[in-house]
Amino acid sequence: MPRVAIVGANGHGRWHRRVVAPLHAAGRLRLVALVDVRPIEDEPAAPVPDGTLVHADHREMLRAARPDVVVVCTPPHTHLPIALDVLAAGADLLLEKPPVLSTAEHRELADALAATGRACQVGFQALGSAALTALTDAVRAGRLGTVTGIATVASWQRSDAYYARAPWAGRRTLHGRPVLDGALANPLAHAVMQCLAVAEAAAGNGPVVPARIEVERYRVRPIEVDDTATLRVSSRSGPPIVAAVTLAGEDFVAGEVIVTGTAGRAVLEYPTDRLLLPGDAGAREVPGRRGLLENLLAHRADPEVPLIAPLGRTAPFTAVLEAVTTAPEPAPLGGDLVTATGDGPQRVLTVRGINRLLRRAADEGALLSELGVPWAVAPHRRELMGQEEPQPTATEPPA
(Lines give C-alpha, C1' and ligand atoms only; values in the text may rest on other atoms or scores of the structure.)
Protein backbone atom coordinates (compact mmCIF):
# COMPACT_ATOMS: atom_id res chain seq x y z
CA MET A 1 0.00 0.00 0.00
CA PRO A 2 1.58 3.34 -1.01
CA ARG A 3 2.59 5.54 1.91
CA VAL A 4 1.50 9.14 1.24
CA ALA A 5 2.49 12.40 2.95
CA ILE A 6 1.24 15.95 2.44
CA VAL A 7 3.63 18.88 2.79
CA GLY A 8 1.64 22.07 3.25
CA ALA A 9 -1.37 20.51 4.98
CA ASN A 10 -3.20 23.75 5.79
CA GLY A 11 -4.81 26.22 3.39
CA HIS A 12 -5.24 24.60 -0.02
CA GLY A 13 -3.58 21.52 1.47
CA ARG A 14 -6.91 20.80 3.17
CA TRP A 15 -8.33 20.14 -0.31
CA HIS A 16 -5.63 17.50 -0.83
CA ARG A 17 -6.48 16.01 2.56
CA ARG A 18 -10.09 15.65 1.42
CA VAL A 19 -8.87 13.84 -1.71
CA VAL A 20 -6.65 11.52 0.30
CA ALA A 21 -9.21 10.68 3.03
CA PRO A 22 -11.52 8.35 1.03
CA LEU A 23 -8.53 6.64 -0.60
CA HIS A 24 -7.06 6.02 2.86
CA ALA A 25 -10.42 4.73 4.13
CA ALA A 26 -10.70 2.39 1.13
CA GLY A 27 -7.25 0.95 1.73
CA ARG A 28 -5.81 2.27 -1.53
CA LEU A 29 -3.13 4.28 0.25
CA ARG A 30 -1.98 5.04 3.77
CA LEU A 31 -1.67 8.64 4.92
CA VAL A 32 1.50 8.52 7.00
CA ALA A 33 2.37 12.18 7.61
CA LEU A 34 1.23 15.78 7.47
CA VAL A 35 3.67 18.69 7.39
CA ASP A 36 3.06 22.37 7.98
CA VAL A 37 4.91 25.21 9.65
CA ARG A 38 1.68 26.04 11.50
CA PRO A 39 -0.43 23.74 13.71
CA ILE A 40 -2.54 21.39 11.60
CA GLU A 41 -6.01 22.82 11.07
CA ASP A 42 -9.09 20.70 11.63
CA GLU A 43 -10.78 19.42 8.48
CA PRO A 44 -14.12 17.75 9.33
CA ALA A 45 -14.26 16.01 5.95
CA ALA A 46 -10.78 14.57 6.42
CA PRO A 47 -9.93 13.84 10.07
CA VAL A 48 -6.31 12.92 10.70
CA PRO A 49 -6.07 9.11 10.92
CA ASP A 50 -4.60 7.51 14.00
CA GLY A 51 -0.87 6.97 13.67
CA THR A 52 -0.34 9.80 11.16
CA LEU A 53 2.86 11.68 11.97
CA VAL A 54 2.78 15.47 12.17
CA HIS A 55 5.90 17.51 11.44
CA ALA A 56 6.87 21.14 10.93
CA ASP A 57 9.87 20.27 8.71
CA HIS A 58 9.58 18.17 5.55
CA ARG A 59 13.11 16.80 5.87
CA GLU A 60 12.39 15.39 9.32
CA MET A 61 9.20 13.88 7.92
CA LEU A 62 11.03 12.22 5.02
CA ARG A 63 13.45 10.56 7.44
CA ALA A 64 10.77 9.47 9.90
CA ALA A 65 7.83 8.49 7.67
CA ARG A 66 9.62 7.19 4.53
CA PRO A 67 6.70 8.02 2.19
CA ASP A 68 6.32 6.60 -1.30
CA VAL A 69 4.39 9.63 -2.61
CA VAL A 70 4.54 13.21 -1.36
CA VAL A 71 1.96 15.87 -2.16
CA VAL A 72 3.64 19.29 -2.08
CA CYS A 73 1.20 22.15 -1.57
CA THR A 74 3.42 24.96 -0.33
CA PRO A 75 4.05 28.50 -1.67
CA PRO A 76 5.41 28.34 -5.24
CA HIS A 77 8.84 29.77 -4.36
CA THR A 78 9.43 26.76 -2.04
CA HIS A 79 8.53 24.07 -4.58
CA LEU A 80 11.92 23.32 -6.09
CA PRO A 81 13.97 22.73 -2.91
CA ILE A 82 11.23 20.62 -1.33
CA ALA A 83 10.72 18.65 -4.56
CA LEU A 84 14.45 17.90 -4.82
CA ASP A 85 14.51 16.65 -1.22
CA VAL A 86 11.49 14.41 -1.93
CA LEU A 87 13.09 12.89 -5.02
CA ALA A 88 16.40 12.35 -3.21
CA ALA A 89 14.46 10.47 -0.53
CA GLY A 90 13.12 8.09 -3.20
CA ALA A 91 9.50 9.26 -3.34
CA ASP A 92 7.28 10.31 -6.22
CA LEU A 93 5.73 13.78 -6.40
CA LEU A 94 2.36 15.40 -6.77
CA LEU A 95 3.53 19.01 -7.05
CA GLU A 96 1.03 21.86 -6.91
CA LYS A 97 0.97 24.36 -9.75
CA PRO A 98 2.92 26.30 -10.74
CA PRO A 99 5.56 23.58 -10.43
CA VAL A 100 8.51 25.99 -10.59
CA LEU A 101 9.05 29.64 -11.50
CA SER A 102 11.64 29.56 -14.28
CA THR A 103 12.88 27.42 -17.14
CA ALA A 104 16.18 26.96 -15.29
CA GLU A 105 14.31 25.52 -12.29
CA HIS A 106 12.22 23.40 -14.68
CA ARG A 107 15.38 21.89 -16.17
CA GLU A 108 16.86 21.27 -12.72
CA LEU A 109 13.74 19.41 -11.62
CA ALA A 110 13.56 17.47 -14.90
CA ASP A 111 17.21 16.44 -14.47
CA ALA A 112 16.50 15.26 -10.93
CA LEU A 113 13.55 13.19 -12.16
CA ALA A 114 15.72 11.57 -14.82
CA ALA A 115 18.53 10.88 -12.34
CA THR A 116 16.27 9.33 -9.70
CA GLY A 117 13.79 7.62 -12.01
CA ARG A 118 10.92 9.05 -9.99
CA ALA A 119 7.64 10.47 -11.33
CA CYS A 120 6.21 13.96 -10.99
CA GLN A 121 2.59 14.90 -11.53
CA VAL A 122 1.81 18.63 -11.58
CA GLY A 123 -1.38 19.86 -9.92
CA PHE A 124 -3.23 21.08 -12.99
CA GLN A 125 -6.28 19.02 -12.04
CA ALA A 126 -8.44 20.45 -14.84
CA LEU A 127 -6.28 18.47 -17.31
CA GLY A 128 -8.05 15.37 -16.02
CA SER A 129 -11.40 16.64 -17.27
CA ALA A 130 -13.38 14.44 -19.65
CA ALA A 131 -14.73 17.64 -21.19
CA LEU A 132 -11.21 18.76 -22.10
CA THR A 133 -10.55 15.33 -23.61
CA ALA A 134 -13.75 15.64 -25.66
CA LEU A 135 -12.59 19.03 -26.91
CA THR A 136 -9.08 17.91 -27.81
CA ASP A 137 -10.48 14.78 -29.49
CA ALA A 138 -12.74 17.03 -31.60
CA VAL A 139 -9.74 19.20 -32.51
CA ARG A 140 -7.64 16.20 -33.51
CA ALA A 141 -10.53 14.73 -35.52
CA GLY A 142 -10.83 17.94 -37.55
CA ARG A 143 -14.31 18.79 -36.33
CA LEU A 144 -13.32 22.47 -36.10
CA GLY A 145 -11.29 22.39 -39.28
CA THR A 146 -7.93 24.10 -39.00
CA VAL A 147 -7.68 25.81 -35.63
CA THR A 148 -6.88 29.48 -36.15
CA GLY A 149 -7.02 30.77 -32.58
CA ILE A 150 -7.35 29.73 -28.95
CA ALA A 151 -8.39 32.12 -26.20
CA THR A 152 -9.53 32.15 -22.61
CA VAL A 153 -11.57 34.73 -20.75
CA ALA A 154 -12.25 34.73 -17.01
CA SER A 155 -13.64 37.40 -14.71
CA TRP A 156 -13.40 36.74 -10.98
CA GLN A 157 -13.44 38.91 -7.86
CA ARG A 158 -11.05 38.84 -4.93
CA SER A 159 -11.51 40.79 -1.69
CA ASP A 160 -8.94 42.58 0.43
CA ALA A 161 -8.90 39.49 2.66
CA TYR A 162 -7.55 37.42 -0.24
CA TYR A 163 -4.43 39.56 -0.37
CA ALA A 164 -3.95 39.24 3.40
CA ARG A 165 -4.17 35.43 3.43
CA ALA A 166 -0.40 34.82 3.58
CA PRO A 167 2.89 36.76 3.73
CA TRP A 168 3.52 35.96 0.05
CA ALA A 169 0.04 36.99 -1.17
CA GLY A 170 0.18 39.68 -3.80
CA ARG A 171 3.98 39.65 -3.77
CA ARG A 172 6.42 39.50 -6.65
CA THR A 173 9.30 38.30 -4.49
CA LEU A 174 9.78 37.16 -0.90
CA HIS A 175 13.16 36.80 0.83
CA GLY A 176 14.88 37.34 -2.50
CA ARG A 177 13.01 34.58 -4.34
CA PRO A 178 10.29 35.07 -6.97
CA VAL A 179 6.74 34.42 -5.77
CA LEU A 180 4.48 35.80 -8.48
CA ASP A 181 1.10 35.42 -6.83
CA GLY A 182 -0.73 37.08 -9.74
CA ALA A 183 -3.89 36.28 -11.66
CA LEU A 184 -2.02 34.60 -14.51
CA ALA A 185 0.34 32.62 -12.29
CA ASN A 186 -1.98 31.40 -9.59
CA PRO A 187 -5.82 31.42 -9.58
CA LEU A 188 -6.19 31.57 -13.36
CA ALA A 189 -3.19 29.44 -14.22
CA HIS A 190 -5.59 26.60 -15.08
CA ALA A 191 -7.14 28.73 -17.83
CA VAL A 192 -3.73 29.26 -19.45
CA MET A 193 -2.79 25.58 -19.11
CA GLN A 194 -6.09 24.46 -20.66
CA CYS A 195 -5.32 26.62 -23.70
CA LEU A 196 -1.84 25.13 -23.97
CA ALA A 197 -3.38 21.64 -23.86
CA VAL A 198 -5.71 22.51 -26.74
CA ALA A 199 -2.79 24.00 -28.69
CA GLU A 200 -0.91 20.76 -28.10
CA ALA A 201 -3.80 18.86 -29.72
CA ALA A 202 -3.99 21.33 -32.61
CA ALA A 203 -0.26 21.08 -33.32
CA GLY A 204 -0.38 17.31 -33.00
CA ASN A 205 3.24 16.86 -31.94
CA GLY A 206 3.47 17.25 -28.19
CA PRO A 207 3.73 20.35 -25.98
CA VAL A 208 3.85 23.63 -27.86
CA VAL A 209 7.13 25.54 -27.96
CA PRO A 210 6.46 29.26 -27.47
CA ALA A 211 8.33 31.54 -29.85
CA ARG A 212 7.02 34.86 -28.54
CA ILE A 213 5.17 35.77 -25.36
CA GLU A 214 3.51 39.17 -24.93
CA VAL A 215 1.94 40.27 -21.67
CA GLU A 216 0.19 43.34 -20.28
CA ARG A 217 -0.34 43.50 -16.51
CA TYR A 218 -2.55 45.80 -14.42
CA ARG A 219 -3.51 46.14 -10.74
CA VAL A 220 -6.22 47.93 -8.76
CA ARG A 221 -4.52 47.54 -5.36
CA PRO A 222 -1.04 48.39 -3.98
CA ILE A 223 0.20 44.87 -4.74
CA GLU A 224 3.28 43.76 -6.68
CA VAL A 225 1.53 41.44 -9.16
CA ASP A 226 -1.28 41.55 -11.70
CA ASP A 227 -4.97 41.20 -10.92
CA THR A 228 -5.91 41.99 -14.53
CA ALA A 229 -3.94 40.93 -17.59
CA THR A 230 -3.89 40.05 -21.24
CA LEU A 231 -1.39 37.57 -22.60
CA ARG A 232 -0.57 36.25 -26.06
CA VAL A 233 1.55 33.20 -26.81
CA SER A 234 2.77 32.63 -30.37
CA SER A 235 4.29 29.21 -30.98
CA ARG A 236 6.48 27.70 -33.66
CA SER A 237 3.65 25.41 -34.65
CA GLY A 238 -0.02 25.82 -33.92
CA PRO A 239 -2.39 28.74 -33.44
CA PRO A 240 -1.83 31.78 -31.21
CA ILE A 241 -3.21 31.76 -27.67
CA VAL A 242 -4.72 34.79 -25.94
CA ALA A 243 -5.63 34.95 -22.25
CA ALA A 244 -7.80 37.83 -21.01
CA VAL A 245 -8.38 37.57 -17.26
CA THR A 246 -9.18 39.61 -14.17
CA LEU A 247 -9.72 39.30 -10.44
CA ALA A 248 -11.52 42.66 -10.49
CA GLY A 249 -14.44 41.75 -12.74
CA GLU A 250 -17.88 43.30 -12.91
CA ASP A 251 -19.74 40.08 -13.67
CA PHE A 252 -18.56 36.57 -12.92
CA VAL A 253 -17.21 34.54 -15.83
CA ALA A 254 -16.05 31.16 -14.51
CA GLY A 255 -13.45 30.61 -17.21
CA GLU A 256 -14.01 29.84 -20.87
CA VAL A 257 -11.63 28.29 -23.36
CA ILE A 258 -12.66 29.43 -26.83
CA VAL A 259 -11.33 27.54 -29.85
CA THR A 260 -11.90 29.00 -33.30
CA GLY A 261 -11.41 26.98 -36.47
CA THR A 262 -12.17 27.19 -40.16
CA ALA A 263 -15.13 24.83 -39.65
CA GLY A 264 -16.59 26.18 -36.43
CA ARG A 265 -16.10 27.34 -32.87
CA ALA A 266 -16.00 25.47 -29.55
CA VAL A 267 -16.34 26.80 -26.01
CA LEU A 268 -15.31 24.91 -22.87
CA GLU A 269 -16.25 26.34 -19.48
CA TYR A 270 -13.44 24.49 -17.77
CA PRO A 271 -14.43 24.88 -14.07
CA THR A 272 -17.87 23.34 -14.75
CA ASP A 273 -16.92 20.96 -17.62
CA ARG A 274 -19.62 22.43 -19.87
CA LEU A 275 -18.72 22.07 -23.55
CA LEU A 276 -20.18 23.46 -26.77
CA LEU A 277 -18.92 21.95 -30.03
CA PRO A 278 -19.82 22.91 -33.62
CA GLY A 279 -23.25 21.54 -34.49
CA ASP A 280 -24.38 21.18 -30.86
CA ALA A 281 -27.72 22.76 -29.97
CA GLY A 282 -26.24 24.06 -26.72
CA ALA A 283 -23.56 23.55 -24.17
CA ARG A 284 -23.65 20.23 -22.32
CA GLU A 285 -21.91 19.03 -19.22
CA VAL A 286 -19.37 16.30 -19.87
CA PRO A 287 -19.02 14.57 -16.51
CA GLY A 288 -15.97 12.77 -15.29
CA ARG A 289 -12.60 13.89 -13.99
CA ARG A 290 -9.62 11.64 -13.41
CA GLY A 291 -7.97 12.49 -10.11
CA LEU A 292 -4.30 13.36 -10.34
CA LEU A 293 -3.33 11.42 -7.22
CA GLU A 294 -5.21 8.31 -8.33
CA ASN A 295 -3.58 8.60 -11.75
CA LEU A 296 -0.15 8.90 -10.14
CA LEU A 297 -0.82 5.79 -8.06
CA ALA A 298 -1.91 3.94 -11.20
CA HIS A 299 1.26 5.05 -12.99
CA ARG A 300 3.36 3.78 -10.07
CA ALA A 301 1.64 0.39 -10.29
CA ASP A 302 1.96 0.24 -14.08
CA PRO A 303 4.33 2.67 -15.85
CA GLU A 304 2.41 2.06 -19.08
CA VAL A 305 -0.38 4.20 -17.58
CA PRO A 306 0.57 7.74 -18.68
CA LEU A 307 0.54 10.62 -16.25
CA ILE A 308 -2.12 13.25 -16.92
CA ALA A 309 0.07 16.23 -16.05
CA PRO A 310 3.73 15.19 -16.23
CA LEU A 311 6.32 17.88 -15.71
CA GLY A 312 7.29 17.94 -19.40
CA ARG A 313 3.74 18.81 -20.42
CA THR A 314 3.91 21.95 -18.29
CA ALA A 315 7.12 23.29 -19.88
CA PRO A 316 5.22 25.85 -22.03
CA PHE A 317 3.43 27.12 -18.92
CA THR A 318 6.77 27.60 -17.18
CA ALA A 319 7.99 29.61 -20.19
CA VAL A 320 4.88 31.80 -19.91
CA LEU A 321 5.46 32.22 -16.19
CA GLU A 322 9.06 33.30 -16.74
CA ALA A 323 7.89 35.94 -19.23
CA VAL A 324 5.47 37.26 -16.61
CA THR A 325 8.27 37.23 -14.02
CA THR A 326 10.49 39.41 -16.20
CA ALA A 327 7.70 41.83 -17.16
CA PRO A 328 7.62 45.33 -15.67
CA GLU A 329 5.55 46.07 -12.57
CA PRO A 330 1.80 46.01 -13.28
CA ALA A 331 0.32 49.36 -14.30
CA PRO A 332 -1.89 50.80 -11.52
CA LEU A 333 -5.55 51.50 -12.28
CA GLY A 334 -7.60 53.93 -10.23
CA GLY A 335 -9.78 57.01 -10.20
CA ASP A 336 -13.18 56.78 -11.84
CA LEU A 337 -12.10 53.56 -13.56
CA VAL A 338 -12.26 51.56 -10.30
CA THR A 339 -15.33 51.00 -8.12
CA ALA A 340 -15.21 49.77 -4.50
CA THR A 341 -18.00 47.77 -2.85
CA GLY A 342 -18.15 46.28 0.65
CA ASP A 343 -16.17 47.16 3.74
CA GLY A 344 -13.16 45.93 5.65
CA PRO A 345 -11.62 42.62 4.60
CA GLN A 346 -14.59 41.93 2.30
CA ARG A 347 -14.03 45.06 0.19
CA VAL A 348 -13.98 44.28 -3.53
CA LEU A 349 -12.61 46.51 -6.31
CA THR A 350 -13.89 46.28 -9.88
CA VAL A 351 -12.72 47.83 -13.14
CA ARG A 352 -15.42 49.64 -15.08
CA GLY A 353 -16.08 48.02 -18.47
CA ILE A 354 -13.49 45.28 -17.98
CA ASN A 355 -15.77 42.36 -18.86
CA ARG A 356 -16.63 43.84 -22.24
CA LEU A 357 -12.96 44.55 -22.97
CA LEU A 358 -11.79 41.08 -22.00
CA ARG A 359 -14.50 39.48 -24.16
CA ARG A 360 -13.38 41.61 -27.07
CA ALA A 361 -9.71 40.72 -26.52
CA ALA A 362 -10.55 37.01 -26.53
CA ASP A 363 -12.78 37.28 -29.60
CA GLU A 364 -10.26 39.32 -31.60
CA GLY A 365 -7.10 37.58 -30.36
CA ALA A 366 -5.81 40.96 -29.23
CA LEU A 367 -4.16 42.59 -26.24
CA LEU A 368 -5.86 45.50 -24.49
CA SER A 369 -3.33 47.94 -25.93
CA GLU A 370 -4.37 46.84 -29.43
CA LEU A 371 -8.03 47.65 -28.77
CA GLY A 372 -7.56 51.38 -28.30
CA VAL A 373 -8.13 51.17 -24.53
CA PRO A 374 -6.97 54.59 -23.21
CA TRP A 375 -5.46 53.25 -19.99
CA ALA A 376 -3.67 50.27 -21.57
CA VAL A 377 0.11 50.06 -21.57
CA ALA A 378 2.50 48.70 -24.18
CA PRO A 379 3.06 44.94 -23.87
CA HIS A 380 6.20 43.34 -22.52
CA ARG A 381 7.55 41.03 -25.23
CA ARG A 382 9.82 38.05 -24.74
CA GLU A 383 11.29 36.37 -27.80
CA LEU A 384 12.05 32.68 -27.35
CA MET A 385 12.93 31.66 -30.91
CA GLY A 386 16.03 29.51 -30.82
CA GLN A 387 15.94 28.92 -27.06
CA GLU A 388 15.89 25.33 -25.92
CA GLU A 389 12.80 24.44 -23.93
CA PRO A 390 12.65 21.84 -21.14
CA GLN A 391 12.09 18.34 -22.46
CA PRO A 392 9.92 15.54 -21.02
CA THR A 393 11.72 12.99 -18.88
CA ALA A 394 11.72 9.25 -19.35
CA THR A 395 8.93 8.81 -16.80
CA GLU A 396 6.53 10.87 -18.86
CA PRO A 397 4.27 9.63 -21.66
CA PRO A 398 5.02 10.20 -25.35
CA ALA A 399 3.17 12.97 -27.14
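**Entry 1: β12 and its neighbours**

I count two strands as paired when DSSP finds at least two bridges between them. The model I am reading is a predicted one, and I began with the hairpin of β11 and β12.

Five residues lie between the strands of this hairpin, and Gly238 takes a positive phi near 100° there. Strand β11 covers residues 228-235 and runs antiparallel to β12, with six bridges joining the two. One pair I noted down is Thr230, whose bridge partner in β12 is Ala244.

Which way does β7 run relative to β12, parallel or antiparallel? I found β7 (residues 147-157) parallel to β12, again with six bridges between them. Here Ala151 stands opposite Val242 of β12.

Next I checked how well β12 (residues 241-246) is covered, and six of its six residues turned out to be buried. In a regular strand, side chains alternate between the two faces of the sheet. I therefore listed the two sides of β12 apart: Ile241, Ala243 and Val245 are buried on one, and Val242, Ala244 and Thr246 are buried on the other.

**Entry 2: the run from β13 to β15**

I followed the chain onward to β13 (residues 248-261) and β14 (residues 264-269), which pair in the antiparallel sense over six bridges. They make a hairpin with two residues between them. Ile258 has Val267 in β14 as its bridge partner.

β14 also pairs with β15 (residues 274-276), antiparallel and over three bridges. Glu269 finds its bridge partner in Arg274 of β15. Four residues separate the strands in this second hairpin, where Asp273 takes a positive phi near 60°.

**Entry 3: the cores**

Nonpolar side chains tend to be buried together in soluble globular proteins. So where did I find them here? The largest nonpolar core has 104 residues, and Leu135, Ile150, Leu184, Leu231 and Val259 touch the most other members. Helix α6 (residues 189-203) gives the largest share of this core, 10 residues.

I opened up the surroundings of Leu135. Setting aside residues up to four places away in sequence, Leu135 touches Val198, Val259, Ala266, Leu268, Leu275 and Leu277.

There is also a second, separate core of 25 residues, which includes Val242, Val338, Ile354 and Ala362. I had met Val242 before, as the residue of β12 that Ala151 stands opposite.

**Entry 4: the largest pocket**

Rolling a probe the size of a water molecule over the atoms shows where empty space is left. How many residues line the largest pocket? I read 45, with His12, Cys73, Thr74, Pro75 and Trp168 nearest the centre. The pocket volume comes to about 1,200 Å³.

Two elements give two or more residues to the lining, α2 (58-65) and α3 (79-88). α3 gives the most, with four residues. By type, the lining splits into 21 nonpolar, 14 polar and 10 charged residues.

**Entry 5: two residues compared with the cut-offs**

His16 sits in helix α1 (residues 13-25). Is it buried or exposed? Its relative accessible area is 5%, and the cut-off for buried is under 20%, so His16 counts as buried. I listed Ile6, Val71, Cys73, Leu94 and Glu96 as its contacts, leaving out residues up to four places away in sequence. Cys73 appears here and also among the residues nearest the centre of the largest pocket.

Leu53 is in strand β3 (residues 53-55). Its relative accessibility is 34%, so I entered Leu53 as partly exposed. With the same sequence neighbours left out, Leu53 touches Val32, Ala33, Leu34, Ala64 and Ala65. I also took one long span: Leu53 and Arg290 are 237 residues apart in sequence and 28 Å apart in space, C-alpha to C-alpha.

**Entry 6: backbone oddments**

Last, I went through the loops for unusual backbone angles.

- The peptide bond from Lys97 to Pro98 is cis, with omega near -15°. Pro98 belongs to the loop between β5 (92-95) and α4 (103-116).
- Arg66 is not a glycine, yet has a positive phi near 50°. I placed Arg66 in the loop between α2 and β4 (69-72). Its relative accessible area is 57%, so I noted Arg66 as exposed.
- His175 is another non-glycine with a positive phi, about 55°. It lies in the loop between β8 (173-174) and β9 (177-178). At a relative accessible area of 75%, His175 is exposed.

Conventions
Residues are numbered from 1 along each chain as its sequence is written. This is a predicted model: local features need pLDDT of at least 70, side-chain atom pairs count only at pLDDT 80 or more; totals for chains, interfaces and linings use all residues. Side-chain values use heavy atoms; hydrogens and water are left out. Buried means under 20% relative accessible area, exposed over 50%, partly exposed in between (1.4 Å probe, protein chains only). Contact means heavy atoms within 4.5 Å. A nonpolar core is a set of buried Ala, Val, Leu, Ile, Met, Phe, Trp, Tyr and Cys residues joined through side-chain atoms within 4.5 Å. On a 1 Å grid over the protein atoms alone, a cavity is a set of points where a 1.4 Å probe fits but cannot get out, and a pocket is an open set with protein on both sides within 12 Å along at least five of seven lines; lining residues have an atom within 4 Å of a point. Grid points are joined across faces, edges and corners, and a volume is the space filled by probe spheres set on the points. Ala, Val, Leu, Ile, Met, Phe, Trp, Tyr, Cys and Pro count as nonpolar, Asp, Glu, Lys and Arg as charged, and the others, Gly among them, as polar.
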